[in-house]
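Student: Could we go through how the packing terms for this model are earned?
Tutor: Gladly; let us look at it together.

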Amino acid sequence: MFLFKICDRCENAFLIMIHAKIFNVARLLSNKPEGRSVLSVIDEDVKKIEEALLQFDTEAAVVQVKEALKPGMNPRAIIDVLSGGLRKIGDMFSRNEIFLPELIMAGEAMKAVMEILTPLVPKGETSTLGKIVLGTVQNDIHDLGKRIVGAFLQANGFEVVDLGVDVPAEIFVGKVRELKPDILGMSALLTTTMGEMGKVIEKVKEAGLRGNVKIIIGGAPTSETFATGIGADAWGADASDACLKSRKLLKIEM
Ligand code: B12
């Protein structure tokens with residue numbers, strides 16, 4: 001029931017957005033599938049995927065994406081359309097118009113879809129915005145929020161390397177050295193583990209890598225004040241804010 005309420009509320013905004021996006025998608029396509037016009041093919045397929053995402057139905061989203069992948073179809077086009085949808089869902093969460101279960105389900109659905117689409121995006125078209133290494137700090141196994149943040153960042157065009165949970169400071173430092181990310185993102189959900197983020201920042205400094213990487217943190221017990229206190233460059237309240245702040249950190253136009 002609740003899901004239907006959500007869909008009702010955002011139906012108009014979504015219709016406008018989907019159609020604006022569809023126009024762009026059609027423009028991006030290089031090959032025209034036989035029989036139907038490019039626009040009608042994309043229109044129908046994308047609507048079905050978007051619907052599954054809006055109903056937070058991972059299984060249906062995956063099925064629809066596989067169906068939409070026709071010869072000549074650029075997967076980046078599908079990602080572009082769905083990112084808009086996910087951004088909207090994130091904004092709705094920020095405004096308390098939807099709640100945690102929906103956000104988690106949408107994040108999971110998007111993650112599943114991205115796992116299919118990302119490897120298919122032609123080289124040179126992937127991850128144009130920057131590389132982000134993400135992880136939940138040591139002694140903390142909460143990862144739902146971090147996974148949602150990761151899915152949103154990826155959908156917004158960042159390359160995301162997720163180190164998982166319970167990540168020791170040494171691993172964060174090693175990965176910063178090895179992968180040279182633009183941003184290091186850390187998550188903590190426990191008051192007993194949030195201090196670990198400060199330790200990681202100190203170790204990144206000691207390793208002489210602090211000048212090379214921006215650091216963003218997040219997680220329920222953290223705050224802007226806490227982030228500033230431990231020397232992070234930014235704090236993200238939620239997945240949408242994580243995208244916004246990451247763009248700001250890399251001075252990417254909004
Ligand atoms: C689900 C959950 C669990 C699951 C975790 C499953 C998983 N795979 O993640 C399980 C059951 C395993 C679990 C275990 C424990 N949990 Co727990 N858990 C929760 C619960 C209910 C929800 C957390 C969650 O997923 N929220 C949903 C996501 C979407 O929100 P979020 O994580 O805050 O993330 C958002 C933002 O914070 C932000 N964000 C998050 N990370 C990042 C990172 C960056 C870079 C940015 C920019 C933004 C960002 O964006 C996200 C999306 O909007 C919370 C209660 C609560 N209301 O938070 C307790 C809670 C966090 N757990 C708690 C506790 C105590 C524990 C345990 C110690 C219980 C125990 N005695 O064993 C263990 C700890 C195990 C460990 N070592 O980590 C306490 C913490 C209390 C405290 N003050 O520290 C809480 C608050 C419950 C409570 N009220 O007591 N937990």
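Tutor: Helices (H or I, at least four residues) and strands (E, at least two) are DSSP runs, numbered from the N terminus. This is a predicted model, where local features need pLDDT of at least 70, side-chain atom pairs count only at pLDDT 80 or more, and totals for chains, interfaces and linings use all residues. Residues are numbered from 1 along each chain as its sequence is written.

Student: Which helix gives the most to the shell around the ligand?
Tutor: H6 does, with 5 residues. A residue is near the ligand if its C-beta atom, placed from the backbone, lies within 6 Å of it. Of the 30 residues around the ligand, Gly-145, Ser-187, Gly-218, Gly-236 and Asp-238 come nearest.

Student: What makes the ligand lie between domain 1 and domain 2?
Tutor: Domain 1 (2-120) and domain 2 (130-249) both contribute residues to its shell, so the ligand lies between them. The domain bounds come from an automatic or database domain assignment.

Student: Why is H5 called oblique to H6?
Tutor: The axes of H5 (residues 100-117) and H6 (residues 144-155) come within 9 Å and cross at roughly 50 degrees. Angles under 35 degrees count as roughly parallel, over 145 as roughly antiparallel, 65 to 115 as roughly perpendicular and the rest as oblique. That angle falls in the remainder, so H5 is oblique to H6. Axes here are lines fitted to C-alpha atoms, for helices over the stretch in contact, and angles run from 0 to 180 degrees between N-to-C directions.

Student: What is the hand of the crossing of H5 and H6?
Tutor: H5 passes H6 in a left-handed crossing. The term left-handed applies if the near helix is turned anticlockwise from the far one by less than a right angle, and right-handed if clockwise.

Student: Why are H3 and H5 called roughly parallel?
Tutor: H3 (residues 58-68) and H5 pack at an angle of about 25 degrees, with their axes 8 Å apart. Set against the limit for roughly parallel, that angle qualifies, and H3 and H5 therefore carry the term. Their crossing is right-handed.

Student: And why are H6 and H10 oblique to each other?
Tutor: Their angle is about 50 degrees, with the axes 8 Å apart, and H6 and H10 are therefore oblique. H6 passes H10 in a right-handed crossing.
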